[in-house]
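Grab a coffee and open the structure viewer. Below is a set of short exercises, each with a solution worked out step by step.

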Amino acid sequence: MALATKSTIFWAFCIGICLLIEVSQAIRCKCSEHSCPGDRINDTCTTTGKCYKKIAEEEGYELITYGCLPPEEQTDMQCNTPASVHRNKISVLCCNNRDLCNFELDPTFPPPTSPTIDVRARVDDESSGSKKFFILFVTAGVCTVVLVIVLVILYIRFRDVRRRLPLSYDLERRINFISSGETLKDYFDQSSASGSGLPLLVQRTIAKQVTLVQSVGKGRYGEVWKARWHGEDVAVKIFLSHCEKSWMRETEIYQTVLLRHESILGFIASDIIGSGQVTQMYLIMDYHPLGSLYDFLRGHQLNKKITGKLAFSAAAGIAHLHAEILGTQGKPMIAHRDIKSKNILVKENLTCCIADFGLAVKYIPETKGIDLNKDTNRVGTKRYMSPEVLSQTIDPESFSAYKMADMYSFALVLWEISRRCISDETGLCEEYEVPYFDAVSNDPTFEEMKRVVVLERRRPNIPNRWFRDEMLRTMGKLMAECWSQQPAARLTALRVKKSLSKLVSAINSHEVIPAAAMSPD
């Protein structure tokens, strides 16, 4: 009994000693209301572990919590847990050095870690990519709108041009309209005697049936091709897309009533040919394999008969243009405005015909005005421009002024022809040269030509041999009267035509014509 009593007392003593030791190791901590145990005293708690102070961010606000941390605490709020482990933004500091030590703790949020930087960089990249896509989208939209506007404008222009030419039948009926056995001569013989060309339906049928063979020349307005139609050679002038007004102007001039003449280039048809998205403006005319007078003179010397034929036929063509034919369906006066050797073609019978009417103007008898194409930017070829055109003193309201400017240019063409004529005395002729070759550059400016022609009043040189040859002396006199400084003093085309007619008659009556009409260089 005594032994049991002693044992009980011993264990009670040990337990008391442990409780004293535990009480001596406990500290008091400041605690928040929701984290204080039920035995809190003055918002404090007691623990043998540690005191803590926690700062957390919730919904944009900072929440501060104080409390006691028991030694067996194993939650994610432990003091040694890294900040990256917490799902929310949390910072915890702990202490156990004295009572209420957690009141003085100052936890702060950790700085952003590298993953946060990567996220920001990714966000920036996504933002930059979005901007690029936005710019690309806006640019593509603007380009699409501009393209649509351009296509609409082109469609409207094409539609307006097509309306000027009547669409009486569909394409298949047009193709079958002309039988394969008929020639161009047959159709001209069957057409009206108005001299304005074939009916528009026939023109458009021919235009659809021509086959281009080869290119024979290029100019400022487009390209000229040799083509075939039902076995016949024709010339096709294809205008550049921006030269629509020139195509329309030349078509209008060629279709003038009573214009057809042996010394005017034969007009066959005019049409707009559309194939897919490509639209071409065709002007179909007679084909002359000898080419322009410019090309012909460069490659051939001339006897007197051929010289007379070339000069007379060219003068006859200009006289027909300048003439007014009165009547119910009369022909108005027409001024060419770009007479030069490159715009005069040589036919196989060695006569000339006038071509290229893109700058021509017509006189309107009803209003006594001038059908002037004011949209064109050029007024001829600078080398062949008359003094009044170069000095800009020509009267735009006087149609006679335009005809006299043509006569000045024609005088230079006569000079080119005469240089290649072989004289009786020497049997020689000059090499071909363009007018003013010795006074201006190959591509003269307005200022150069104005200085030579207007200020210095120079004209192409007349070789001495001309004065010893009756025909060449007569030609030189005609030139001098046609290139006079004063337009009113120049000869008219009709007067030059009559003078050359007499000259040709005299040559034919006194000269034995050789078998060969011309001799190549």
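**Exercise 1. Find the bridge partner of Tyr52 in S4, then work outwards to the sheet around it.**

Step 1. Go to Tyr52 and look across to S4: the bridge partner there is Gly67. Keep in mind that you're looking at a predicted model.

Step 2. Zoom out to the strand pair. Strand S3 (residues 50-58) runs antiparallel to S4, and nine bridges hold the pairing.

Step 3. Now take in the sheet, which is open and has three strands in the order S4-S3-S5, paired antiparallel. Strand S4 (61-69) and strand S5 (90-95) each have a single partner strand, so they stand at the edges, with one side of each left without a neighbour in the sheet.

Step 4. Check the twist: ignoring direction, neighbouring strands of this sheet are turned by 15 degrees against each other on average.

**Exercise 2. Locate Cys31 and decide: buried or exposed?**

Step 1. Cys31 sits in the loop between strand S1 (27-30) and strand S2 (44-47).

Step 2. Its relative accessibility is 3%. The cut-off for buried is under 20%, so Cys31 counts as buried.

Step 3. Look for a residue from elsewhere in the chain. Tyr66 is 35 residues away from Cys31 along the chain, but their C-alpha atoms are separated by 4.4 Å.

Step 4. While you're at Tyr66, check its ring: Lys30 lies over the face, at 5.5 Å from the ring centre.

Step 5. For another example of a lysine over a ring, jump to Phe446. The charged end of Lys382 sits over that ring, 5.4 Å from its centre.

**Exercise 3. Describe how S6 and S7 are joined.**

Step 1. Strand S6 (residues 211-218) and strand S7 (residues 222-229) run antiparallel and are joined by six bridges.

Step 2. Pick out one partner pair: Gln214 has Lys226 in S7 as its bridge partner.

Step 3. Look at the connection. With three residues between them, S6 and S7 form a hairpin.

**Exercise 4. Work out which strands helix H6 touches.**

Step 1. Start with the sheet. It's open, with three strands in the order S12-S15-S16 and antiparallel pairing. Strand S12 (334-335) and strand S16 (369-371) are the edge strands, and each pairs on one side only.

Step 2. Add the helix. Helix H6 (residues 244-254) packs on this sheet and touches S12, S15 and S16. The direction of H6 makes about 50 degrees with that of S15.

Step 3. Look closer at one strand pair. Strand S15 (residues 361-364) pairs with S16 in the antiparallel sense over three bridges, and Tyr363 has Ile370 in S16 as its bridge partner.

Step 4. See how covered the helix is: eight of the eleven residues of H6 are buried. Among them are the charged-type names Glu244, Arg249 and Glu250, along with Trp247 and Ile253.

**Exercise 5. Why does the pair of Tyr254 and Phe267 count as stacked, and which parts of the chain does it tie together?**

Step 1. Searching the whole structure turns up seven aromatic pairs.

Step 2. Take the rings of Tyr254 and Phe267: their centres are 5.3 Å apart and their planes are at 10 degrees, so this pair is stacked. The cut-off for stacked is planes under 30 degrees apart.

Step 3. Place the two residues. Tyr254 lies in helix H6 and Phe267 in strand S9 (residues 267-275), so the pair ties together parts that are 13 residues apart in sequence.

Step 4. Check the surroundings: Tyr254 and Phe267 are both buried. Ring pairs also bring in Phe357, giving a cluster of Tyr254, Phe267 and Phe357.

**Exercise 6. Where does Arg420 lie, and is it buried or exposed?**

Step 1. Find Arg420 in the loop between helix H10 (399-419) and helix H11 (446-455).

Step 2. The relative accessible area of Arg420 is 1%, so this residue is buried.

Step 3. Compare with Gly299, which is 121 residues away along the chain: the two C-alpha atoms are separated by 9.7 Å.

**Exercise 7. Put together an overall profile of the protein.**

Step 1. Count the elements: the protein has 13 helices and 17 strands.

Step 2. Of its 521 residues, 42% are buried.

Step 3. Take contacts between residues at least 6 apart in sequence: 64% of these join residues at least 24 apart.

Step 4. Finish with the accessible surface, about 29400 Å², of which 56% belongs to carbon and sulfur atoms.

Terms used: Residues numbered from 1 in each chain as written. Predicted model: local features only at pLDDT ≥ 70, side-chain atom pairs only at ≥ 80, totals over all residues. Heavy atoms only, no water. Pairing = 2+ DSSP bridges. Helix = DSSP H or I, 4+ residues; strand = E, 2+ residues; numbered from the N terminus. Contact = heavy atoms within 4.5 Å. Axes fitted to C-alpha atoms, helices over the stretch in contact; angles between N-to-C directions. Phe/Tyr/Trp six-rings, centres within 6.5 Å; stacked < 30°, edge-to-face > 60°. Buried < 20%, exposed > 50% of the residue type's maximum accessible area, 1.4 Å probe, protein only. Lys NZ or Arg CZ within 6 Å of the ring centre and 35° of its normal. Areas by Shrake-Rupley, 256 points an atom, 1.4 Å probe, with all protein chains shown as cover.
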